[in-house]
Structure formats: structure tokens, C-alpha cells
Amino acid sequence: MARLTSQEKAKEFDKWVMWKQEGSREAEVDLITKFLPLVDKVANRLAINLPANVDKDDLISYGRFGLLDALAKFDHTRGLQFETYAMWRIRGAMIDGLRENDWIPRTVRDKAKKIEEAYTALEQKMLRMPTDQEVSDYLGISEKELQQVFVETSLASMVSIDEAVGEEDEQKTARHSYIVDELTPRPETVAEVGSLKEVLVGVIDKLPEKERLVVSLFYFEEMTLSEIAEIMSLSPSRISQLHSKALFRLRSALSRWKSQLMET
């Protein structure tokens with residue numbers, strides 16, 4: 001959405017007050033109508049990485065529930081941007097809906113785990129990024145089979161902020177409970193984020209050229225994979241494979257960074 005002017009922000013805040021504090025049904029409907037396009041935006045980005053049998057209308061349906069949940073739980077008095085919060089909730093609702101309908105079988109998740117372990121083991125052994133052939137040989141599969149795994153596991157690399165996490169079942173809580181949403185970050189957070197950025201920059205710089213370009217265009221330029229495919233003169237499925245491979249490499253590096261952080 002376009003950046004709001006001061007007058008538009010004030011008008012939007014008034015809508016929140018009228019609904020949350022005065023119970024105006026009209027203000028609630030206005031806010032729902034205003035932010036409903038966020039559902040389509042998230043669905044379009046998410047659908048690119050999903051198998052063809054996943055209906056985008058289902059994503060939109062899940063996402064609308066996520067939007068309503070975000071509207072109900074949003075604290076308008078904190079001066080935060082609703083769009084950012086809502087897109088996380090919408091995305092989480094879509095992923096939860098897909099999981100509940102078994103769009104991501106356990107076998108697919110097992111494949112994703114094995115690939116991640118392969119990247120970690122080979123990078124530690126070779127002290128560099130492994131090639132597709134080396135990963136294929138390590139896993140005992142062909143390169144073609146490896147590419148298919150990248151397509152199948154594209155959703156497995158996503159997480160929901162509503163997913164229950166924790167060491168013990170009785171102590172598990174939703175992932176979003178651990179998200180600290182503060183206007184002023186804590187010093188330790190700034191230091192940790194700075195360290196994380198250094199790790200990510202280093203890993204991204206070492207990515208193969210095509211994977212690095214896909215990551216840059218997707219996450220920094222906010223282009224869709226279809227748009228990237230057109231720019232790079234490749235098929236959307238090939239772009240999806242490059243994106244998935246880059247994510248596996250990044251996750252492997254982050255796992256090592258996390259282990260080192262815990263040891264210090």
C-alpha cells in the first residue's frame with residue numbers, strides 16, 4: 001500500500017478509535033474493506049511457490065480469517081503499522097490452512113530436512129558452497145530428482161507465527177508470543193541483528209550468481225517469482241528451484257550461526 005499522509009493516518013486512527021473504543025460497526029467494515037487487498041497480495045506471493053493443485057481461492061479464504069484475527073488483536077494505541085502485522089498474520093493463517101489440509105506431507109518435510117543436513121555437512125567438509133552434483137551424490141539421487149525435491153519442499157521452508165513451539169508439550173506456546181514488537185529495540189537485539197545481518201550478507205555474497213540475483217530481486221526489490229522469471233529469461237519453476245536452493249543454503253548458515261551463538 002502507498003505511504004499515507006499525516007491526514008490519512010489521522011483519519012485511519014479515528015476509524016480504529018470508533019471501532020475499538022466506541023463499537024462502531026461501520027468503522028469496522030471500513031477497516032476490513034481498506035485492508036482486504038492485503039489478502040490478495042499475500043496470496044499472490046505465496047501461491048508462486050506452491051504446487052499447481054493448490055487453489056489460490058483456498059489461500060484467500062484462509063487469509064481472510066487471518067486478516068479478521070489481525071484486526072481483532074491489533075493494538076492501535078501503540079503507533080505501529082498495521083499492514084506489517086497483518087501480513088504476518090495473513091501469511092500464517094494461509095500456511096496453517098495448508099497444513100491442516102495436508103498440503104505438506106511428512107515425507108516432503110523429511111526430504112527438506114535431509115537436504116538441509118546435506119548442505120550443512122558438505123559445507124563444513126569442503127569449506128565452500130556445494131554444487132548440485134555434490135549434493136545429489138551425497139544424497140544418492142540424480143540432479144533431476146534433487147531439482148524436484150526443491151519444488152516439492154518450497155513450502156516446507158515457511159513457518160507460521162501461530163505454530164506452537166517449545167521443548168515440552170505442556171509448555172508450548174504460539175510462535176508469535178515470542179515476537180517482541182517494540183518501537184525502540186533493545187541493545188542486545190541490535191547487536192544480535194547486526195551479527196545476523198553480517199552472516200546473511202556473507203552467505204548471500206557466496207551464493208551462485210543466479211541464486212543471489214533471485215534472492216535480491218525477491219526479498220529486496222519485492223518482485224514476484226514470475227516477474228523474476230521474465231527478467232532472467234527462465235521458467236517460473238526454475239526460479240522457484242533457485243529460490244529454494246538459496247533458502248536451504250541460508251538456513252544451513254543460520255543454523256551454524258545459532259549454534260555458535262549458544263556456545264558463547
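Here are some friendly notes on this predicted model, going from the whole chain down to single residues.

1. **The chain as a whole.** The protein chain has 12 helices and two strands. Reading from the N terminus, the order of elements is α-α-α-α-α-α-α-α-β-β-α-α-α-α. Of the 264 residues in the protein chain, 36% are buried. Take the contacts between residues at least 6 apart in sequence: 62% of these join residues at least 24 apart.

2. **The largest nonpolar core.** This core holds 25 residues, and those touching the most other members are Trp16, Phe35, Leu67, Leu71, Phe82, Ile90 and Met94. Two or more core residues come from each of helix H1 (6-20), helix H2 (25-35), helix H3 (37-47), helix H4 (56-73) and helix H5 (82-100). As background, nonpolar side chains in soluble globular proteins tend to be buried together.

3. **Helix H5.** You may like a quick geometry check here. H5 has 19 residues, and at 1.5 Å a residue it should span 27 Å; its end C-alpha atoms are 27 Å apart, so the two agree. The buried residues of H5 include nonpolar ones such as Phe82, Ile90, Met94 and Leu98, but Glu83, Arg89 and Asp96 are also on the list. Among the elements covering the buried residues of H5 are H1, H2, H3 and H4.

4. **Isoleucine 90.** Which residues does isoleucine 90 touch, leaving aside those up to four places away in sequence? They are Leu38, Val39, Val42, Gly63, Gly66 and Leu67. Of these, Leu67 is, like Ile90 itself, one of the core residues that touch the most other members.

5. **How H3 meets H4.** The axes of H3 and H4 come within 9 Å and cross at roughly 135°. That angle is over 115 but not over 145 degrees, and H3 and H4 are therefore oblique to each other. The crossing of H3 past H4 is right-handed. On the H3 side, the residues involved are Val39, Asp40, Ala43, Asn44, Leu46 and Ala47. They meet Lys56, Leu59, Ile60, Gly63, Arg64 and Leu67 in H4. Val39, Gly63 and Leu67 are worth a second look, since isoleucine 90 touches them too.

6. **Valine 29.** Valine 29 sits in helix H2. Is this residue buried, partly exposed or exposed? Its relative accessible area is 35%, so valine 29 is partly exposed. The C-alpha atom of valine 29 lies 9.1 Å from that of tryptophan 19, and the two residues are 10 apart along the chain.

Conventions:
Residues numbered from 1 in each chain as written. Predicted model: local features only at pLDDT ≥ 70, side-chain atom pairs only at ≥ 80, totals over all residues. Heavy atoms only, no water. Core = buried A, V, L, I, M, F, W, Y, C linked by side-chain atoms within 4.5 Å. Buried < 20%, exposed > 50% of the residue type's maximum accessible area, 1.4 Å probe, protein only. Helix = DSSP H or I, 4+ residues; strand = E, 2+ residues; numbered from the N terminus. Contact = heavy atoms within 4.5 Å. Expected span 1.5 Å × (residues − 1). Axes fitted to C-alpha atoms, helices over the stretch in contact; angles between N-to-C directions. Parallel < 35°, antiparallel > 145°, perpendicular 65-115°, else oblique. Left-handed = near helix turned anticlockwise from the far one by under 90°.
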